[in-house]
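Here are some notes to read with the model open beside you. They go point by point, so feel free to skip around.

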Amino acid sequence: MNNSLSRAIYRSLLPIAIVLLLLASLGLTGCSTHRSARDEEAMASDSPSASEQMDYDPWESFNDKTFYFNFNLADHYAIKPAAKVWADVLPVKLRQSLANAFYNLAMPRRFVNKVLQGRLPSAGIELTRFVLNTTVGVAGLFDPASHLGLEKSDADTGETFAVYGVKTGPYLVLPLLPPLDVRDAVGFAADSFMDPLSWFITPLGADFGRAAAQRINERADNMKLYDDVEDTSLDLYAAVRNGYLQRRQKVIRDAILDRDRTWEKISDPFEHHEKSTLGMDAPSE
């Protein structure tokens, strides 16, 4: 029954993937181009400065206490020891395969949000990656799509809100969750319902379970990096907050630029056709 269902899903997804891959080809040639000065200036004028966002932390007292619990208690006494055991038991290649599977499982979230953001070529690449890695890549444990030049990228509901102009709101630290702001916290909850595991168990349970396994696997792969950050940061809370806000600003800028490039490529042929028609209709002297 499972094999029949898998074959049915594959047959239904493959034509869609082919169509979306054709859409994706619209944007592949432009992915490596540098941003123009006009794009950079437009983004700078539309976005608040990084320093303004980092200073906006009205809930710092609550956040600092939660941060202490997350890093000084949960991480040091639970996640870090579990990650050490995980790293000792599982070889690097197996941990990488698990990371690939986690990424593949999150495809619905990325695909839906890229479509909502108007990033159709990227959405096409997303679905094509999923079909290839789920079939040839054995349920996503391997990543043949990257070897074919279909690189990984990300998208989430908080990012979609930002693309449509929703403001960040205050910075927020919640127990056992990654850094967030209010906008991303709402998006994080919405993303839980797009997790395939949530279709079989509760969205919150699925998200915490997957996030815990993914966090331990990531912690095991980056043990030294985490330790170096803790050792070199005079104010770890501020370092994590500022790093998160800076990364989110960059991710949102890149999403908006990707969307704009997509629609420029779609509109260019129509503009060229209109200019050609006008030139044909012009009276000759």
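1. Let's start with one residue: is Y171 buried or exposed? Y171 is buried, with a relative accessible area of 2%. Keep in mind that this is a predicted model, here and in every point below.

2. Now the overall picture. The protein's secondary structure amounts to 13 helices and two strands. It has 285 residues, and 37% of them count as buried. If you take the contacts with a separation of 6 or more, 72% come from residues 24 or more positions apart.

3. Aromatics deserve a look, since the structure holds four aromatic pairs. One of them is F67 with Y237: the ring centres sit 5.5 Å apart and the planes are at 85 degrees, so this pair is edge-to-face. It ties together distant parts of the chain, as F67 belongs to helix α4 (residues 60-89) and Y237 to helix α13 (residues 236-281), 170 residues apart. How buried are the two partners? F67 has a relative accessible area of 6% and Y237 has 5%, and because buried means under 20%, F67 counts as buried and so does Y237.

4. Back to Y171, which also pairs with Y237. Their ring centres are 6.2 Å apart with the planes at 75 degrees, so you can call this pair edge-to-face. Here too distant parts of the chain are linked: Y171 is in strand β1 (residues 171-172), Y237 is in helix α13, and 66 residues separate them. Step back and you'll find that F67, F71, Y171, Y237 and Y244 make up one aromatic cluster.

5. Helix α4 has another partner to check. Its axis and that of helix α12 (residues 223-232) come within 11 Å and cross at roughly 150 degrees. Angles over 145 degrees count as roughly antiparallel, and α4 and α12 are therefore roughly antiparallel to each other. On the α4 side, the contact is made by D75, H76, K80, A83 and K84, and on the α12 side by M223, D227 and E230. Sorted by class, this α4 and α12 contact has two nonpolar, one polar and five charged residues.

6. Next, α6 (residues 107-116) and α7 (residues 120-135). These helices pack at an angle of about 160 degrees, and their axes are 8 Å apart. That angle makes α6 roughly antiparallel to α7. The crossing of the two, α6 and α7, is left-handed. Which residues meet there? From α6 they are M107, R110, F111, K114 and V115, and from α7 they are S122, A123, E126, L127 and F130. By class, that contact of α6 with α7 has six nonpolar, one polar and three charged residues.

7. Last, a serine to click on. S97 is part of helix α5 (residues 92-105), and at 10% relative accessibility S97 counts as buried. What does S97 touch, leaving out residues up to four places away in sequence? The answer is G140, L141 and F142. For S97 and G140, the C-alpha atoms are separated by 7.8 Å, although the two residues are 43 residues apart along the chain.

Terms used: Residues numbered from 1 in each chain as written. Predicted model: local features only at pLDDT ≥ 70, side-chain atom pairs only at ≥ 80, totals over all residues. Heavy atoms only, no water. Axes fitted to C-alpha atoms, helices over the stretch in contact; angles between N-to-C directions. Helix = DSSP H or I, 4+ residues; strand = E, 2+ residues; numbered from the N terminus. Parallel < 35°, antiparallel > 145°, perpendicular 65-115°, else oblique. Left-handed = near helix turned anticlockwise from the far one by under 90°. Contact = heavy atoms within 4.5 Å. Nonpolar A, V, L, I, M, F, W, Y, C, P; charged D, E, K, R; others polar. Phe/Tyr/Trp six-rings, centres within 6.5 Å; stacked < 30°, edge-to-face > 60°. Buried < 20%, exposed > 50% of the residue type's maximum accessible area, 1.4 Å probe, protein only.
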